[in-house]
Amino acid sequence: MNEIIYKRKSVRKFKKSEFNQAEIRKIQSIINTARPLYPDVSYHAEIVKGNGKIPYFIAFCGENLENIGFVGQQISLALADIGIGSYWKMGKPDGEIKSTYPFVISMPFGKPDEPLFRSRDEFKRKSLSEISMGIDDRLEAARLAPSGLNAQNWYFVADNGSIYCYRKKPSFLLSAMKNKLNCIDMGIAICHIAEETHNFKYEKIKSYPDKKGYIYMGIHNAACFLKIREEFGTFSEYLWKFSEGKTIQYMGHQKGNLPARNGLSDMISKDLKKRGFKYLGSITVYSHLQACGMINDHAEDCFRYTEVTAGVPVVRKRRDKEA
């Protein structure tokens, strides 16, 4: 049993004092020993020295969001166990990231300047009946997992020793960031289940209970993902060939006239389905194209507008030329 799960809290206030070399090596060891959810999917986690109020970050880079959540939460729990506070943060660190993989999310960390732990009754979470069905002690660990905006957009079905995991289907009403967070959050929740499981095994089951409005989480798409990597080198190379390596800015999108999908996302979704992917409709794909920066739908006065286009070629297209 990992007792940290039941008392950990997100720490956002840090002391200005730095870690010594022995402490940095200990933190690096924690990062190196974290187990991925998908062993064959590449990712990278590196320590970045902050330049402002946040002393240190861990930058997570890779191409599978659930994997990042799964790995990152292991690290966060282990850091709390040695007295180090941390929290999840969407923005990039203000220091240099050396990884060649696409940036996903960061984790500021440091010596806490506020309480590191809390009591069980201080957790503000949904009840088990709202997020699960069946009886299994591990469901409580999943219920206490942190999530973006504390949304807890997951569902679990416990049956005869197995736990079936689901995440809420993407919505065009939500921003790309929120849909992205849902995927990372799913990995975080599965991490909590794994921490409470002896001989944890995660696999896709052909026959599973259906849950309306949710996507069953399994390894089927991960296998398809690996086939694309074998063919193209990286999933990023495959994806960006559809835009010829350019970030697309559609006229009118920056003014708020955003579609839920378009010709480009239709094309990519159709190709992914031909390659065996499931639950990857055009709306889901469009959200990912926004999240990875292939489509820049940020308003021009948004700080992310220039970040997305920095260092990459940009092409402007009319809305009726969206394919």
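Here is a short tour of a predicted model, stop by stop.

Start with helix α5, so select residues 176–195. With 20 residues at 1.5 Å each, the helix should span 28 Å, and the distance between its end C-alpha atoms, 29 Å, agrees with that. Now turn on the surroundings: 17 of those 20 residues are buried, so α5 is largely enclosed by the rest of the structure.

Keep α5 on screen and bring up the largest nonpolar core, which has 74 residues. Good ones to highlight are Ile58, Phe60, Ile75, Phe156, Leu264, Ile268 and Leu272, the residues with the most contacts inside this core. The biggest contributor is α5, with 10 residues. There is also a second, separate core of 10 residues; pick out Phe14, Ala59, Phe103 and Leu116, which are among them.

Next, the second largest pocket, with a volume of about 440 Å³. To centre your view, select Ser10, Arg12, Ser147, Gly148 and Leu149, which lie nearest the pocket's centre among its 22 lining residues. Colour the lining by class and you get 10 nonpolar, four polar and eight charged residues. Helix α5 turns up again here, giving the largest share of the lining with five residues.

Last stop: the sheet. Four strands make an open, antiparallel sheet in the order β1-β2-β4-β3. At the edges sit β1 (43–49) and β3 (85–86), each pairing on one side only. Zoom in on β3 and β4 (residues 103–110), which run antiparallel and are joined by two bridges. To find one end-on example, select Gly85 and its bridge partner in β4, Gly110.

Technical notes. Residues are numbered from 1 along each chain as its sequence is written. This is a predicted model: local features need pLDDT of at least 70, side-chain atom pairs count only at pLDDT 80 or more; totals for chains, interfaces and linings use all residues. Side-chain values use heavy atoms; hydrogens and water are left out. The expected span of a helix is 1.5 Å times one less than its number of residues. Buried means under 20% relative accessible area, exposed over 50%, partly exposed in between (1.4 Å probe, protein chains only). On a 1 Å grid over the protein atoms alone, a cavity is a set of points where a 1.4 Å probe fits but cannot get out, and a pocket is an open set with protein on both sides within 12 Å along at least five of seven lines; lining residues have an atom within 4 Å of a point. Grid points are joined across faces, edges and corners, and a volume is the space filled by probe spheres set on the points. Ala, Val, Leu, Ile, Met, Phe, Trp, Tyr, Cys and Pro count as nonpolar, Asp, Glu, Lys and Arg as charged, and the others, Gly among them, as polar. A nonpolar core is a set of buried Ala, Val, Leu, Ile, Met, Phe, Trp, Tyr and Cys residues joined through side-chain atoms within 4.5 Å. Two strands pair if DSSP finds at least two bridges between them.
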